[in-house]
Amino acid sequence: MLSFIEARTQILAAVAPLGIEQVALPSALLRVCADDITAPADLPPLDNSAMDGFAVRTADCTTGASLRITGYLPAGGELGVMVEPGNAVRIMTGAPIPPGADAVIPWEECLETDDAITPQATVKSGQHIRWRGEDVASGSCVVATGTVIRPTQISMLASCGKALLPVFRRPRVAILSTGDELVELGQPSVPGQIINSNAIALAAAVADCGAEPVMLGIARDNREDHREKLATGLLCDALITSAGVSAGDRDLVREVLTELGVEQQFWKILIKPGHPTAFGLHGSKPVFSLPGNPVSSLITFEMLVKPALRKIMGYPRPISPTISAILRDDVKKKPGRVHFLRVRLMAAVDGTVFASTAGDQNTGILTTMLYADGLGILPADDSFFAAGSCIDVHVLNPDFAMTAG
């Protein structure tokens with residue numbers, strides 16, 4: 001059996017970006033840039049005013065000087081005026097600096113009477129001027145390959161006139177639940193049946209990390225239904241199954257996947273929860289077989305599947321960083337497996353993060369996931385973690401910040 005790190009490393013080594021497509025810039029949010037994007041021109045393209053005020057010659061701005069207003073330049077205006085000695089031009093933020101001027105005086109630093117101004121503060125050459133190319137020089141890289149596109153990148157790319165952007169393709173991820181006991185949400189049920197919540201939760205998790213979920217429904221506990229639905233799932237870029245991956249007489253997933261040409265890479269990992277997780281490859285397509293327990297399914301997706309999907313989408317660092325937190329509770333576990341401890345997180349005013357257990361750690365208790373801000377990663381070989389000790393935490397809820405008491 002593989003350790004957690006060995007399993008995740010093997011999965012990540014087996015997957016790669018799918019290819020590149022062009023998307024309209026507004027649709028590129030949270031996609032990963034697939035090429036270095038360079039500026040086609042200087043930004044700003046012209047020297048321009050950083051303030052509403054008056055374009056002047058600093059040589060004219062002596063104590064008590066009166067400068068005649070001889071023109072007006074709005075943002076977007078054309079250069080049709082020049083600042084002659086002893087004159088000033090009214091200018092708006094973003095308007096080009098007229099020839100002859102070497103400074104801008106904000107209007108609140110002037111005394112204006114009739115058609116003239118008198119500066120009321122010292123004027124320095126170059127003040128309140130945004131110089132051509134001071135932000136971005138023509139030909140320089142503004143967004144590098146592997147950058148996740150966020151609103152700031154969209155702002156820069158739009159400023160550079162980039163209407164289309166090359167990005168790594170989003171994978172289509174098939175999701176299949178298995179079991180005769182399952183019923184779809186909204187359908188009538190009888191005692192003993194269970195709502196197919198895993199498929200909905202996994203679809204939400206797939207969408208949340210930027211991939212496209214494809215719902216396959218429920219495979220009933222017979223080979224024919226498994227074969228039909230799994231074969232359909234293998235037409236997508238990746239396949240996730242939940243349940244049917246243990247060793248019972250109705251756990252058919254791994255057997256049917258093998259019949260369909262999926263090469264199993266491993267089965268069972270030294271983790272809790274999620275021990276019976278399996279991973280296979282259909283050619284280069286990853287196939288993840290997750291446990292049917294909702295808590296185990298969500299946690300194994302977060303810790304094993306999500307990094308793989310992020311790598312497929314072009315993320316240069318697909319594994320989310322962990323933070324250090326100080327335990328507030330004593331925690332015991334059996335040695336031999338990495339445990340993912342559901343924890344609540346609290347941040348003190350000095351930045352120290354504290355972790356408390358989020359409740360009953362039994363995998364049948366889904367409500368604990370509701371309260372969990374993160375997953376404490378408890379090393380396999382240790383069995384006792386005293387309150388006050390430091391652990392690594394994989395953050396689930398980045399908005400956990402609270403003041404610790």
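These legends walk through a predicted model, starting with the whole chain and then moving to close-up views.

**Figure 1. The whole protein, with its seven helices and 28 strands.** The radius of gyration is 31 Å, well over the 22 Å that the globule rule gives for 405 residues, so the protein is more spread out than a compact globule. Along the principal axes, the C-alpha atoms fill a box of roughly 95 × 50 × 40 Å. Of the 405 residues, 47% count as buried. If you take contacts between residues at least 6 apart in sequence, 69% of them join residues at least 24 apart.

**Figure 2. The surface and charges of the protein.** About 19300 Å² of the protein is exposed, and carbon and sulfur atoms supply 53% of that area. The protein carries 33 positive and 43 negative charges, and the mean positions of these two sets are 7 Å apart.

**Figure 3. The largest nonpolar core, a set of 44 residues.** Look here for Val 206, Ile 240, Phe 288, Phe 301, Leu 309 and Phe 340, the residues that touch the most other members of this core. Helix α6 (residues 294–312) gives the core its largest share, nine residues. A second core, separate from this one, has 16 residues, including Ala 174, Ala 219, Leu 230 and Leu 257.

**Figure 4. Val 206 and its surroundings.** With neighbours within four places in sequence left aside, which residues are in contact with Val 206? They are Val 173, Ile 175, Ala 211, Glu 212, Pro 213, Ile 240, Phe 301 and Leu 309. Among these partners, Ile 240, Phe 301 and Leu 309 are listed with Val 206 as residues that touch the most other members of the largest core.

**Figure 5. Cis peptide bonds at Pro 44 and Pro 273.** The bond from Leu 43 to Pro 44 is cis, with omega near -10°. Pro 44 sits in the loop that runs between β2 (37–38) and β3 (48–49). Further along the chain, the bond from Lys 272 to Pro 273 is also cis, here with omega near -5°. For Pro 273, the place to look is the loop between β19 (271–272) and β20 (278–282).

**Figure 6. Asp 114, a residue other than glycine with positive phi.** Phi of Asp 114 is near 50°. The residue lies in the loop between β8 (110–113) and β9 (116–119). Is Asp 114 buried or exposed? Its relative accessibility is 78%, so Asp 114 counts as exposed.

**Figure 7. Lys 268, with a positive phi of about 80°.** Lys 268 is not a glycine either. You will find Lys 268 in the loop between β18 (263–267) and β19. At 27% relative accessibility, Lys 268 counts as partly exposed.

**Figure 8. Met 82 and its partners in space.** Met 82 belongs to the loop between β5 (67–73) and β6 (87–91). With a relative accessibility of 46%, Met 82 counts as partly exposed. Where does Gly 100 lie relative to Met 82? The two are 18 residues apart in sequence, with their C-alpha atoms 6.1 Å apart in space. Not counting residues up to four places away in sequence, Met 82 touches Thr 70, Val 89 and Pro 99.

Conventions
Residues are numbered from 1 along each chain as its sequence is written. This is a predicted model: local features need pLDDT of at least 70, side-chain atom pairs count only at pLDDT 80 or more; totals for chains, interfaces and linings use all residues. Side-chain values use heavy atoms; hydrogens and water are left out. Helices (H or I, at least four residues) and strands (E, at least two) are DSSP runs, numbered from the N terminus. The radius of gyration is taken over C-alpha atoms; the globule rule is 2.2 Å times the number of residues to the power 0.38. Buried means under 20% relative accessible area, exposed over 50%, partly exposed in between (1.4 Å probe, protein chains only). Contact means heavy atoms within 4.5 Å. Accessible areas come from the Shrake-Rupley method with a 1.4 Å probe; for residues, only the protein chains shown count as cover. Lys and Arg count as positive and Asp and Glu as negative; His and the chain ends are not counted. The place of a charge is taken as NZ of Lys, CZ of Arg, CG of Asp or CD of Glu. A nonpolar core is a set of buried Ala, Val, Leu, Ile, Met, Phe, Trp, Tyr and Cys residues joined through side-chain atoms within 4.5 Å.
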